[in-house]
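Please open the model in your viewer and keep a selection command at hand, since each stop below names what to pick next and then describes what is there.

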Amino acid sequence: MPYIRLVNVTKRFGQVTAVNELNLEIEKGECFSMLGPSGCGKTTTLRMLAGFEDLSDGEIHVGGRLFSSPRQNFYLPPEKRDFGMVFQAFAVWPHLSVYENVAFPLRIRKLPKAEIERRATDALRSTNLLGAAAGSPENLSGGGKQRVALARALAINPDVMLLDEPLSSLDPHLREEMRFEIKELQRKYGFAIVYVTHDQAEAMALSDRIMVMRQGEMQQIDSPLNVYNNPANRFVFSFIGLSNFLRVSRTDGHAGLGTGSLPTELAPPEGLPPHSGLTLASRPSEIDFLAQGGLRGKVSRKSFLGEIVDYHLRLEDGQSLRVQKNRRLPGPEEGESCGLLLRRPFWYTDEN
Amino acid sequence: MNNTARKGGVGAAQIILGLSIAILVIVVAVPVLLIFVNAFWVDGALNVKDVIRIIREKDTYQALVNSLIIAAGTTTGSTIVGTFFAWLVTRTDLPYKRFMKAMFLVPFMLPSFIGALAWKMLLSPRAGFINRFWMGTLGFEEPLFNIYSYAGIVLVEIMYLFPFVFIQVCGALERMDPTLEESARISGAGLFTITRKITIPLALPSILSGALLIMLYSMAHFGTVAVLGIENGIFNIPTLIYQRIHQSAGSFASIRTGTVLASILVMAAALIIWLQGKALSRGRYQIIAGKSFRPMELKLRALRLPLLILCLVYIAFTIVLPTVVIFLVGGLKTYGLPFTWENLSLDNYKFILFDYQVTRDAIWNSLSLGLGAALITMFAGVMISYVIVKMKVRGKGVLEFLGMLPFSVPGSVIALGVILAWSGRYGPNLYNTVWIILVAYIARYMAFSLKANSAALEQVHDSLVEAARACGASMWQALKDIVLPLVRPGMLAAFFLIFLPSLRELTVSIMLYSPTTRTIGVAIYTLNEDGETVRSAALAGIALFLIITGQTLINRFAKGRSA
């Protein structure tokens, strides 16, 4: 039995459908990420789960209880859901001390004094904030403030932690560090994480499963590895990692690039609808250079990026292709022609 | 390039700095200084004993206490009313919130002494329309409410001053990051708890700063107390200063009393401004950030309709009713007649605009004084702000200090200081001319100009000028072609911030007018004092018309620019 269940969840703002018939199940203790470009509906989904937005249709169940259902005219307000939540903009209360920020949810629940102190101290210790507890959060750095927000969310020891782009206000170095701290806290406290981000690296590093969304529609739910290696469609392919797309023409059932034909190893798979347009997709890191044969191209730009070398190639029909190789591997120079071997090509028709 | 290797802007910078300092010294610093000197310095020696004796005189002491009572009452009342309405229009599902917000800001443009006049017509114990109806038609023995009282003065001041708190708190609540409240909600707090423990504490610096602004204004406020208090002998500091100077035609003793009272006002004002700075600096919470989902609205449910009615009644009573009364009384043939069609006409308005010398002069004086003061103060303000905000010259600190002065000097103090400075003792005698009013207006409104212009200048990043210099422009060219066009909106704002209020100015001009140099405000006030109630009301109506039309035009213009 999954812990969180979203059934046909739909949200409309006026004419715009922000989330469309989303079905989702999240296990206890799982780390689940919602990934997508801005406006894809991921934040709206999280806010519906938190209770800040009501649903237009569908149902949300958590831990076997009904949380939201417009059909039954039922809606549990956010303050009754017992979630922990961390926001992008920290949302730490500047008029309260760090300790009082963390103790706030415990005081609201009217716990005994000793219990409040024990839990708040525990949450502060877990986030390395004990030293700053008496001070104002205003004096903390961005990372420090976000730790206060985390500690505050931890204090009630929730089963579910909602994280709304919690790291995107931090600088890149700190972001990586905080990722591991969040993961560490999850191991210690055992809560499930529902994580909203537009940063794919963050989602990859943290999650057990990722959902990719686009314009309110779910595109794929899978493990990070599968989302990267077996993208469900062209959008997921382009959103995760670097990508090349080549437009493939079809004359009399034969696939080709421009007027030239494709090398034999790049024959489109059987069973594709014969008349739709075709796109060949591949990752820049999964292309090898060949001395002879393969797809022919000419290096139009070669840039040294440190560990890797980045090549821009122009194919014979004018389309361009990007290749990235480790700096220790040999490669052609600018202006030289070469052959290309696409190791793991993906084929997409215009429908997907 | 013809301007190779110029000597740099050092000479020019010094000249500008010197000029800026000179303007502020002559216009503001000397008058204020003269007040202190006259208060504490007698026959070439420091004399504190006399000052204490003057303060302990019954009338002066009572005026001080009255100023405090009225200011305390007004501040408390306005803060409660302003905060409540601000919360209502920003955090609840009250219907017609945008309209309400616009209406609650209307009192900003209505001159409070005209409001006081209207309330006098409505609630003076024997002649007020409401009281007459109460006693005559309904048959009660006692009047419903006597407006000639502390309560009356405080209530009228609250009506016209609460927007200072309202607008500050609205701003704070609208800018506040909604996730601050949402995180309290997800922590388990209900909306009432959130309002009490999160929203109000976070808005507290804004509430305090608005409250202090009202306190400053109310302590030094002339109009309402002059219209409503004198009948029952309620004087505050500014009205007592006026009364003393006016009655004794400038005798030494009365000037002495005036300067002592004015010194107290200046010190109190400085204290309030200092406190306000503290409140605001403590309030520089970083509460603006993040994605802006709209904050949750409290569902008023059963209270929705009663609160809507409350707001509408409040607006009807404090804004619509007084305004209508002014226009209607202005149309009456004689004060005291009932409002019937036979008794109403436009004759008073026609008479005042075209035939009556006193009011024609007054309108002309106010328009030309407003225009002159606005133009001069606008340009001086740009220059001074430029030095303070942008230039790196030695001696700038002096100017920064002087630039703070106009903010803390109340109108009646300026008037008294200007009398001391320009009555011929230290050079030209401008007393009884229109020029002394002009000088006083410049001093009074310099603060507005400095504020608007420095805000505009702070938006102009130094790199814009540097880029122009890098492209080969001289300092003057960069100023002319880059800085000036960018601060033009600030200058325009300064102009109107001065021009419109000066059309209804009373506090300063009442101390400085002569028979031929009445302003609109003075004419309304003196006509009313002389019992010419209908003419006074008609002129007030014309003033309201001018102000409201002007403000509407500016709002249109400002909207058109930003859209």
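Begin in chain A of this predicted model by selecting the six strands E7, E8, E9, E3, E10 and E11, which form an open sheet in the order E7-E8-E9-E3-E10-E11 with mixed pairing. At its edges you will find strand E7 (84-86) and strand E11 (217-222) of chain A, each of which pairs on one side only. Averaged over the sheet and with direction ignored, neighbouring strands are turned by 15° against each other. Staying with this sheet, add helix H4 (residues 142-154) of chain A, which packs on it and touches E7 and strand E8 (160-164) of chain A; the direction of the helix makes about 170° with that of E7(A).

Now move to the edge formed by E11(A), where strand E10 (residues 209-214) of chain A runs antiparallel to E11(A) and is joined to it by 5 bridges. To see one of the paired positions, select Met211(A), whose bridge partner in E11(A) is Ile221(A).

Next, colour chain A by its domain assignment, which gives domain 1 (4-237) and domain 2 (243-349). If you place a marker at the C-alpha centre of each, the two markers for domain 1 and domain 2 of chain A will lie 40 Å apart.

For the following stop, select strands E16 to E20 of chain A, an open sheet of 5 strands in the order E16-E20-E17-E18-E19 with antiparallel pairing. Here the edge strands are strand E16 (287-290) and strand E19 (320-326) of chain A, and neighbouring strands are turned by 45° against each other on average, direction ignored.

Which residues of E16(A) are on its covered face, and which are on the uncovered one? Ile287(A) and Phe289(A) make up the covered face, whereas Asp288(A) and Leu290(A) make up the uncovered one. E16(A) is joined by 4 bridges to strand E20 (residues 337-342) of chain A, the two running antiparallel, and within E20(A) it is Leu342(A) that stands opposite Ile287(A). At the other edge, 7 bridges join strand E18 (residues 308-315) of chain A to E19(A), again in antiparallel fashion, with Asp310(A) opposite Gln324(A).

Turn then to the nonpolar cores, of which the largest has 239 residues, with Leu265(B), Val418(B) and Ala440(B) having the most contacts inside it. Its largest share, 16 residues, comes from helix H7 (residues 150-175) of chain B. Centre the view on Leu265(B) and, not counting residues up to four places away in sequence, you will find that it touches Met219(B), Ala220(B), Ile237(B), Pro410(B) and Val413(B). A second, separate core of 14 residues includes Leu280(A), Phe289(A), Tyr311(A) and Leu321(A).

Still in chain B, select Thr60(B), which has its place in helix H3 (residues 58-91) of that chain. Why does Thr60(B) count as buried? It does so because it has 22 C-beta neighbours inside 10 Å, where 20 or more are required. Leaving aside neighbours within four places in sequence, Thr60(B) is in contact with Ile54(B), Ile55(B), Leu240(B), Thr257(B) and Leu261(B). A C-alpha distance worth drawing is that from Thr60(B) to Ile237(B), which is 7.7 Å although the two are 177 residues apart along the chain.

Finish where the chains meet, with 18 residues of chain A in contact with 22 residues of chain B. On the side of chain A, the largest share, 3 residues, comes from helix H2 (residues 98-108), and by class that side has 13 nonpolar, 2 polar and 3 charged residues.

Note on methods:
Residues numbered from 1 in each chain as written. Chains lettered and ligands numbered in written order. Predicted model: local features only at pLDDT ≥ 70, side-chain atom pairs only at ≥ 80, totals over all residues. Contact = placed C-beta atoms within 7 Å. Nonpolar A, V, L, I, M, F, W, Y, C, P; charged D, E, K, R; others polar. Domains from an automatic or database assignment. Core = buried A, V, L, I, M, F, W, Y, C linked by C-beta atoms within 7 Å. Buried ≥ 20, exposed ≤ 12 C-beta atoms within 10 Å, placed from the backbone. Pairing = 2+ DSSP bridges. Axes fitted to C-alpha atoms, helices over the stretch in contact; angles between N-to-C directions.
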